[in-house]
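Biologist: Could you take a close look at one part of this model for me, and walk me through it slowly? I would like to see how that part sits in its surroundings.

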Amino acid sequence: PFKVLALMGVPAVAYIFYGRSGQAHLQTQMKVMHTRVMGQFSVIAILLGLMGFKQYMDHNGRFITESEANARVEEMHLVREELKLRLQQEQKAKEVWDQERAKARAADLVEAAKTSTKTTTKTTTKAATKAAAAAEDKAVAGLAPKQQQQQQQQQQ
């Protein structure tokens, strides 16, 4: 704002002095005095107008100061770093979860293999027991008539 004030104030004062130069009845001291008083008034009016506009824009405008912009940029950098860190942690947690899941799957497969072996063994044992019982029944059934024949022959 002060640069704008200087850029507007100096030409305003120069114009006032130039306007007073055309008045031949005034002495140079009076021209300078009038220029100073009128210049002060114009510069103060410009200053009040600029400061009022700046205050309005600070309160209601979309524009931010350089320090606010730097603070926002710093905040964005911090948020970005936090996001990167969180993503890395989530990736590590996912890798750990995948490893645990792979271990559990391997353990389940080993257990399933053992269970199927036991089931096969039980099934084989049951089948063998049933076959042996059937063979024994056949043998007993086959022996019974022979024994009866032997007993009949002995009785005769």
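Modeller: Happy to! Let us begin with a term we will need: a residue is called buried when its relative accessible area is under 20%, exposed when that value is over 50%, and partly exposed in between. Please keep in mind that this is a predicted model.

The part I would pick is helix 2, which covers residues 28-60. To place it, the protein chain has 3 helices and 0 strands, and along the sequence they follow the pattern α-α-α. Confidence is a good reason to start here: among the elements of the chain, helix 2 has the highest mean pLDDT, 90, while helix 3 (residues 66-155) has the lowest, 77. For the chain as a whole the average pLDDT is 81, and 75% of the residues score at least 70.

How far apart should the ends of helix 2 be? With 33 residues at 1.5 Å a residue, the expected span is 48 Å, and the end C-alpha atoms lie 47 Å apart, so the two values agree.

Now for what is hidden. Buried residues make up 8% of the 156 residues in the protein chain. In helix 2, the buried ones are Lys31, Thr35, Gly39, Ser42, Ile46, Leu50 and Met57. An α-helix has 3.6 residues a turn, so residues three or four places apart point the same way. It is worth reading the list of buried positions, from Lys31 to Met57, with that in mind. As for the cover over these buried residues, it includes helix 1 (2-21).

Thr35 lets us see that cover at the level of single residues. Thr35 counts as buried because its relative accessible area is 7%, which falls under the 20% cut-off. Leaving aside residues up to four places away in sequence, Thr35 touches Val13, Ile16, Phe17 and Arg20. Thr35 also has a polar partner within its own helix: its side chain reaches the backbone oxygen of Lys31 at 2.7 Å.

Two other residues of the helix make a useful contrast. Gln40 is also in helix 2, but Gln40 is partly exposed, because its relative accessibility is 42%. Val13, one of the residues that Thr35 touches, comes up again here: Gln40 and Val13 are 27 residues apart in sequence, with their C-alpha atoms 8.3 Å apart in space. Further along helix 2 sits Met51, which is partly exposed because its relative accessibility is 29%. The C-alpha atom of Met51 is separated by 9.8 Å from that of Leu5, although the two residues are 46 apart along the chain.

Stepping back to the whole chain, 48% of the contacts with a separation of 6 or more join residues 24 or more positions apart. The chain exposes about 13900 Å², and carbon and sulfur atoms supply 61% of that area.

Technical notes: Residues numbered from 1 in each chain as written. Predicted model: local features only at pLDDT ≥ 70, side-chain atom pairs only at ≥ 80, totals over all residues. Heavy atoms only, no water. Helix = DSSP H or I, 4+ residues; strand = E, 2+ residues; numbered from the N terminus. Buried < 20%, exposed > 50% of the residue type's maximum accessible area, 1.4 Å probe, protein only. Contact = heavy atoms within 4.5 Å. Areas by Shrake-Rupley, 256 points an atom, 1.4 Å probe, with all protein chains shown as cover. Polar contact = N/O pair within 3.5 Å; in protein donor to acceptor, adjacent residues only side chain to side chain. pLDDT = per-residue confidence, 0-100. Expected span 1.5 Å × (residues − 1).
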